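Open the model in a viewer and keep the selection tool at hand. The stops below say what to select and what is found there.

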Amino acid sequence: MNQNLNTSITIEKDCEVCIIGDGFAGLNTARLMAKGNFKTNIVSLGTGASNFWLGSVNILKSIDNSKGFNFNSFIKNNPKHPFQFTNSELIQEALKEFYSEMSELTPFRDEDSKFTNRYILSPFGTMKQTNGKWSSIFSDFENLKENVEVYLVDFKEFDLSSMNLVAKGLMEKFTGDYQVIEVSLKEVFEKISPNFFTKSYSAFLSPKMVANFFDSNKENMDPLIDIIRPLIYKKEPTTIDPIRIILFPPIMGLLHNDLILKNISLKLDCQTYELISLTPSIIAERLNLSFKKRIDDKDSLIKVDKGYALKTLIKTVEGFNCVFENKKHEDMMIHSKYVIIACGTIFTEGQFKLVIENSPPNENNVQDLTLSKNFELICTEDSKDVTSCMDTGKIFAAGSSIFLFSPEITDDDEILNETGMGTVIIPAYQIFKELAKIE
């Protein structure tokens with residue numbers, strides 16, 4: 001241990017890859033590390049920006065607002081963007097790997113089977129471009145014709161419902177009949193489980209509470225179906241049987257939403273979908289659980305430590321000693337050959353120390369590093385290590401952390417260019433390929 005480090009290590013661990021952050025970027029990177037049989041340790045302080053995911057897989061906004069995206073034109077116009085370290089072919093390769101593993105998501109492809117952008121319905125009734133979506137989210141605009149009846153379910157207990165706004169947006173753009181139908185969740189719950197409502201539940205229903213209730217009663221949606229049926233079959237039959245579509249808010253189950261929607265669809269003889277989320281909700285937790293399920297299946301390779309913040313990185317001959325601290329001021333050291341920063345930008349503050357072991361005499365071997373200025377993104381074989389003194393071991397970045405290594409680009413640029421999930425998928429895949437090549 002370096003004598004200049006004044007720290008008390010209570011836990012020591014060894015791994016090949018240490019991932020800092022367990023949001024989507026950290027979890028997706030860990031999934032790939034397990035695929036490459038790397039012994040990996042994820043360390044996380046707490047909640048990150050992944051909880052704000054609303055249900056669309058944004059890779060890169062179309063420059064001319066057309067379907068699809070022109071990567072080369074984007075880099076030409078944004079030469080300092082971290083995507084400069086990749087190319088169109090590698091993006092397609094990364095997306096193919098990602099979607100093949102994450103079956104809960106539906107990608108969009110063009111006529112040449114290349115991944116591209118298509119439209120989904122936003123919570124404001126507008127058309128939103130994206131490369132993919134949570135599978136239950138509505139995007140079948142080709143069905144919005146004259147003989148379509150679309151029913152938007154508005155659960156009375158939620159004040160932030162945007163169903164009327166969505167209905168108005170659809171009526172302005174498409175033919176067909178669009179109606180908002182009100183349903184009382186309390187009535188549904190009391191019919192399914194009469195003893196569900198206690199005093200603690202009756203005052204407030206959270207989206208997660210609703211989703212968990214639907215999950216636990218996934219085989220018994222008949223009370224909800226019985227309430228909806230007369231609302232959508234009240235019209236006199238016509239010679240042409242209409243296409244009926246029901247749009248729900250994205251709270252129809254956390255673990256079993258596909259099964260719940262399928263059962264409702266079969267019994268009502270209609271199509272059922274959800275809308276993209278208006279506010280952070282359980283749809284982000286669905287994807288989080290999907291990642292964790294794949295990681296749990298690789299528990300022999302992936303270990304997780306929560307409640308620790310990165311304190312110090314120590315460069316050694318073998319790689320890095322990563323020192324973390326919890327709220328009790330207890331230190332944990334992880335010896336790792338590679339380090340991947342995946343903690344985002346919103347919840348990253350200030351500086352941490354990089355300690356260089358065996359530094360030349362009379363030189364200060366403790367450096368204060370501000371993440372936004374002193375680190376260099378490592379994504380390609382041509383990239384250099386973080387500092388010239390590091391002969392072995394590399395520090396990588398995935399997720400929004402890549403913007404910490406590109407001072408010219410801000411979070412606002414990420415939002416403007418709609419590269420959110422692109423920063424999760426593409427850098428992680430590049431790191432995976434890089435380490436596979438090195439090892």
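Start with two helices, H1 and H10: select both and compare their directions. In this predicted model, H1 and H10 are roughly parallel to each other, because angles under 35 degrees count as such and theirs is about 25°. Their axes are 9 Å apart, and H1 passes H10 in a left-handed crossing.

Now show the side chains between this pair. From H1, select Phe24, Leu27, Asn28, Ala30 and Arg31; these meet Ala284, Leu287, Asn288, Phe291, Lys292, Arg294 and Ile295 of H10. Coloured by class, the contact of H1 with H10 shows 7 nonpolar, 2 polar and 3 charged residues.

**The whole chain**

Zoom out and switch to a cartoon view. The chain has 439 residues, and 53% of them are buried. Its secondary structure comes to 13 helices and 18 strands. Of the contacts with a separation of 6 or more, 71% are between residues 24 or more positions apart.

**The largest core**

Which residues touch the most other members of the largest nonpolar core? Select Met33, Trp53, Leu105 and Leu287: within this core of 59 residues, these four do so. Next, colour the elements that supply at least two residues each, among them strand S1 (9-20), helix H1 (24-35), helix H10 (282-296), strand S15 (331-341) and helix H13 (420-438). H13 gives the most, with 9 residues.

Stay with Met33 and show what surrounds it. Beyond its neighbours within four places in sequence, Met33 is in contact with Val17, Ile19, Phe38, Thr40, Ile340, Ile431, Phe432 and Leu435. Apart from the largest core lies another one, of 31 residues, including Val183, Ile228, Met252 and Leu261.

**Helices H5, H8 and H9**

Select residues 185-192 for H5 and residues 222-232 for H8. Their axes are 8 Å apart and the packing angle is about 135°, so H5 and H8 are oblique to each other. The crossing of H5 and H8 is right-handed. On the H5 side, pick Glu187, Val188, Lys191 and Ile192; on the H8 side, pick Pro223, Leu224 and Ile227, which they meet. The contact of H5 with H8 holds 5 nonpolar and 2 charged residues, and no polar ones.

Keep H8 selected and add H9, residues 257-268. The axes of H8 and H9 come within 10 Å and cross at roughly 45°, so this pair is oblique as well. H8 passes H9 in a right-handed crossing. The contact takes Asp222, Leu224, Ile225, Ile228, Arg229 and Ile232 from H8, and Asn263, Ile264, Lys267 and Leu268 from H9. By class, the contact of H8 with H9 has 6 nonpolar, 1 polar and 3 charged residues.

**Two loop residues with positive phi**

Select Asn37, in the loop between H1 and strand S2 (40-44). Asn37 is not a glycine, yet its phi is positive, about 60°. Is Asn37 buried or exposed? Its relative accessibility is 57%, so Asn37 counts as exposed.

Then go to Asp269, in the loop between H9 and strand S11 (271-274). Asp269 is not a glycine either, and its phi is positive, about 55°. Asp269 has a relative accessible area of 57% and is therefore exposed.

**Two buried residues and their distant partners**

Select Ser281 in the loop between S11 and H10. With 16% relative accessibility, Ser281 counts as buried, because the limit is under 20%. Add Asn51 and draw a C-alpha to C-alpha line to Ser281: these residues are 230 apart in sequence and 7.6 Å apart in space.

The last stop is Ile120, in strand S5 (residues 118-121). Ile120 has 0% relative accessibility and so counts as buried. Its C-alpha atom is separated by 8.3 Å from that of Ser56, 64 residues away along the chain. What is Ile120 in contact with, leaving aside its neighbours within four places in sequence? Show Ser56, Phe108, Thr126, Met127, Lys128, Thr130, Lys133, Ile137, Phe138, Ser139, Phe141 and Ile276 to see these contacts.

Technical notes: Residues are numbered from 1 along each chain as its sequence is written. This is a predicted model: local features need pLDDT of at least 70, side-chain atom pairs count only at pLDDT 80 or more; totals for chains, interfaces and linings use all residues. Side-chain values use heavy atoms; hydrogens and water are left out. A nonpolar core is a set of buried Ala, Val, Leu, Ile, Met, Phe, Trp, Tyr and Cys residues joined through side-chain atoms within 4.5 Å. Buried means under 20% relative accessible area, exposed over 50%, partly exposed in between (1.4 Å probe, protein chains only). Helices (H or I, at least four residues) and strands (E, at least two) are DSSP runs, numbered from the N terminus. Contact means heavy atoms within 4.5 Å. Axes are lines fitted to C-alpha atoms, for helices over the stretch in contact, and angles run from 0 to 180 degrees between N-to-C directions. Angles under 35 degrees count as roughly parallel, over 145 as roughly antiparallel, 65 to 115 as roughly perpendicular and the rest as oblique. A crossing is left-handed if the near helix is turned anticlockwise from the far one by less than a right angle, and right-handed if clockwise. Ala, Val, Leu, Ile, Met, Phe, Trp, Tyr, Cys and Pro count as nonpolar, Asp, Glu, Lys and Arg as charged, and the others, Gly among them, as polar.
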